[in-house]
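User: Could you take a close look at one pair of neighbouring strands for me, and then carry on from there through the rest of the fold? A connected account would suit me better than a list.

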Amino acid sequence: MKVNYLNAVSGVTEPPQFSWAIESPFRHCVQKQYRIQIAGDSLFTDILFDTGLVDSAESAHVKVEGFIPGEGRAYYARVRVTTEAEGEGTATSGFSGGVKMLGGLGNPGELKKHFITAEKPEDREKARGTYLRREIVITKKIKSALIFSTAQGLYQLHLNGKKVSGDQLAPGWTSYDHRLLYQSYDVTEQMGEGKNVLGAHLGAGWYKGDISFLHIKNFYGDFASLSLRLDLEYADGSRDRLYSDGSWKGCYSPVLNAEIYDGEEYDARLEQDGWDRPGFDDSAWTAAAPCGCTASAIEAQTGCPVAQQETLLPKLAFFTPRGERVIDFGQNMSALPEISGQGKGGDTIILTCFEVLDGEGNVYTDNLRDAKQRVVYTLKDDKPFTYKPHFTFYGFRFIHVESFCGRADLDNFRAQVLHSDMERTGTFECSHPGLNQLQHNILWGLKSNFVDVPTDCPQRDERMGWTGDSQIFCRTATFNMNTYTFFSKWLKDLALDQKAAGGVPHVVPDLLNKYSFDNWLLNEGTHSAAAWADAAVINPWVLYLMFGDRAVLETQYESMKGLIDFMRTHSRDNIWNYKLQFGDWVALDAEEGSYFGATPNDLTCTAYYAYSTGLFVKICRILGKDETADEYEALRKEVVRTFQRTFFNGDGSMTVQTQTAHILALYFNLAPRDYVPRTVAGLKALLEKEKGHLVTGFVGTPYFCHALSENGCLEEAYDLLLKDDFPSWLYQVKKGATTIWEHWDGIKPDGSMWSANMNSFNHYAYGAIGEWLYRVAAGIDADETRPGFSHSVVAPRIGGGLTWVRSSYDSIYGTLGVDWKVEKDDGISKRIVLRVDIPPNTSSTIKLMDGAGLIEGDGLEFRSREGILQAEAGSGRYAIVFELA
């Protein structure tokens, strides 16, 4: 069972929705009834709500009538179902395990009045760490203890000598001017009668630290501060409530400097043992000062915090040709380097984290630009120590050990991998080792850049929520991990940062529109670039397809409509092109020294204008807004007609002879029907002109293989995918990449580097090909008429010389699995065994390939529709055998 798609939620103030996956070995298993119980304890002895048996087939998006979590109350929910299945008849399950919910604050805005800081006026532009503490005495037996807390800056909450949670970089990054998230913690087990100490360690973070490539300090505010509320309920029924206030005391911590880009400097000699435990002498500390709140609203973080997800051990320690000591983890990532060792008090360790070695095998940090990515740690004494930074994160594979206490070796280092807490939902593997590594790289690019916001890169002085990267990668990300909470949170900030007229910033949270800057790029425009701004429409649509939840469409409706209206207002004769456009960003057909691809902005902008408007029409219909849908359908038709008149010649050829122009015309269904064959032929010719290679950038690349495989060019799509010389996806793999690069030639064939000013080696955008691996190579796809995989489409496309593919997707209903294998290939025909696992309470349309001859249907009735053999299948496991000539 899940609640709001998670295993547990906190800060809930609205009726949650439940979903569950049913397990059954029988085919055609469908749910007939469900029963949900909600209790006040994990043992379900205190049942508060019981739906009784409800006649319903729904096992997702289910709400319990009348249930709204009370403020600060813990709840547990469980479900049992009655099913009907072939060969089993009717059966009733046991109860599922319980999912926990913690009710949020009824008036979270009250936290705005309780911010306190240990910083002084002279600390305004500094990034020092500070401690805050408060000792309290409890004289009664505690029944429950709950903390609701947040910070302006970053914070780690302590209680009686231990951290309260594993959260990192709390409270996360939102559009702080508009909203700040609070965290909810059940600390009942950590408190007791007698003395208790509440403590907090604070750092600058995104709030007041150095931020963006413009290097702005105090972007949101001036002082790192804490706001906290503690609710105590005693066994006798009485209650107490405590807030952060002037009774708290504070001082500087051993963190001398901590910045998102530069890393952390820590002097262990300044540690104060026991500062967060009872009995500590804080007489030298000063009273905390009140601090104003700069956010308009405070809201609950319900889930998906940043946390340490796994630990990696280094693979190799070596000296470079220049004599530099280097530790290699074998994997590019976002992580905290953890160091341990023993030396003398006052010894200083200096480390620099970086991504790649240069062509001669030496340390290469030029692509970090002004980000230092350093660890500076001064030892306290001669005792063994372990340390990892508190208020930053690093993008790296390698560590350059500039100084260490003794010989720096493998057992002195670990990497604590950081990313938002999302469950893995997708798997893909096949007979081609290069594609398996590509899938690995895509997944690690996702992990590295989903650190509370979908960033472009995790290493240089940028790490911003670029909307275009997020948009093109959204579906790939959502196959691989459960991104619903992650993207929903980010999309709320997108809507809040949206311009009054509907324009969407280039980055969210928006760092480019608050102040005026003299920047060569931003002087041309800071919002509403095609493919970037369209995240406002495309990302909610993807979440709807993958989860079947109308709520995200309802929440983002005004934001979506605002963007479409903005494009309509600023288009000229239905051609959309507004100020700064990135176009087919970093395409290889760009002019020498330019980042902007050769496809004109009029074409890319207008193509996205038509595409997003078409999606908005569908969304309006889903939400029952038919009059609005009719209005915008008429607009879409006008834009499409204008596109066709403008970018197609009378003979069916396109006026723009670039790969991306043809890709967009095909994938966005913009080519006149009679011109589609000519458009496909044109794309193939442009591909052949480049000897089968792509020269596309951010706009064309995500759809290239789709444009081919959807138009009768499956082998060309596979050939493109499997190229391993420059430029190609597998070129990076052959060069030893462990994540996706920003540029096709980040490292050139001769070993030299692309321009250092923009050359990330952990940049997930081109990993959008992962969607094609799932949807086409494996054949796992959603049905937009029955979204969320309540009904799926299974249509694997065999090709590329692959002999097997095995893939799965954990939908909200359960795991949908596809496994195909070429069992015989005599050069004339291929015999394919296709195994499909369809989760209970769902169904699927299974489609074989063009020209397939059915050998064994495993009880399914295959019929030819539009020349393709297909069958409707209920849940269960199937083994289908067919032949391809």
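Analyst: Strand S20 (residues 255-259) and strand S21 run antiparallel and are joined by four bridges. Strands here are DSSP runs of E with at least two residues, helices are runs of H or I with at least four, and both are numbered from the N terminus. Two strands count as paired if DSSP finds at least two bridges between them. Before going further, please keep in mind that this is a predicted model, in which local features need pLDDT of at least 70 and side-chain atom pairs count only at pLDDT 80 or more, while totals for chains, interfaces and linings use all residues. Residues are numbered from 1 along each chain as its sequence is written, and side-chain values use heavy atoms, with hydrogens and water left out.

Back to the two strands: S20 and S21 make a hairpin, with three residues between them. One place to look is Val255, which stands opposite Tyr266 in S21. S21 also pairs with strand S31 (residues 374-378), in the parallel sense and over five bridges. There, Asp267 faces Thr378 in S31 as its opposite residue. Because four of the five residues of S21 (residues 263-267) are buried, this strand is largely enclosed by the rest of the structure. Buried means under 20% relative accessible area, exposed means over 50%, and partly exposed is in between, for a 1.4 Å probe and protein chains only.

Strand S9 (residues 99-103) gives a similar picture of burial: four of its five residues are buried, so S9 is largely enclosed by the rest of the structure. Strand S2 (residues 8-12) pairs with S9 in the parallel sense over four bridges, with Ala8 opposite Lys100. Strand S7 (residues 74-85) pairs with S9 in the antiparallel sense, also over four bridges, and Ala74 has Leu102 as its bridge partner in S9. As a reminder, strands of a sheet pair through backbone hydrogen bonds, either parallel or antiparallel.

Further along the chain, five strands form an open sheet of mixed pairing, in the order S38-S39-S43-S46-S45. Its edges are strand S38 (780-782) and strand S45 (863-865), each of which pairs on one side only. Neighbouring strands of this sheet are turned by 35° against each other on average, direction ignored; the axes behind such angles are lines fitted to C-alpha atoms, for helices over the stretch in contact, and angles run from 0 to 180 degrees between N-to-C directions. At one edge, S45 and strand S46 (residues 868-873) run antiparallel and are joined by three bridges, with Arg865 opposite Ile868.

Now to the helices. Helix H8 (residues 626-647) has 22 residues and reaches 31 Å from its first C-alpha to its last, close to the expected 32 Å, where the expected span is 1.5 Å times one less than the number of residues. Its buried residues include Tyr632, Leu635, Val639, Phe643 and Phe647, and the buried set packs against helix H6 (550-570), helix H7 (601-622) and helix H9 (659-667). Arg641 lies in H8 too, but counts as partly exposed because its relative accessibility is 43%.

In helix H3 (residues 467-480), look at Gln471. Gln471 is buried, with a relative accessible area of 4%. Its side chain makes a polar contact of 3.4 Å with the side chain of Tyr703; a polar contact is a pair of N or O atoms within 3.5 Å, where within protein one must be able to donate a hydrogen and the other to accept it, and residues adjacent in sequence count only if both atoms are side-chain atoms. Beyond its neighbours within four places in sequence, Gln471 is in contact with residues including Asp534, Asn539, Tyr608 and Tyr703, contact meaning heavy atoms within 4.5 Å.

Finally, the interior. A nonpolar core is a set of buried Ala, Val, Leu, Ile, Met, Phe, Trp, Tyr and Cys residues joined through side-chain atoms within 4.5 Å. The largest one has 225 residues, and Phe413, Leu438, Leu721, Trp729, Trp772 and Ile846 touch the most other members. H7 gives the most to this core, with 12 residues. Not counting residues up to four places away in sequence, Leu438 touches Leu721, Trp729, Leu730, Val733, Ile740 and Ile769. A second, separate core of 29 residues includes Ile136, Leu230, Tyr234 and Ala288.
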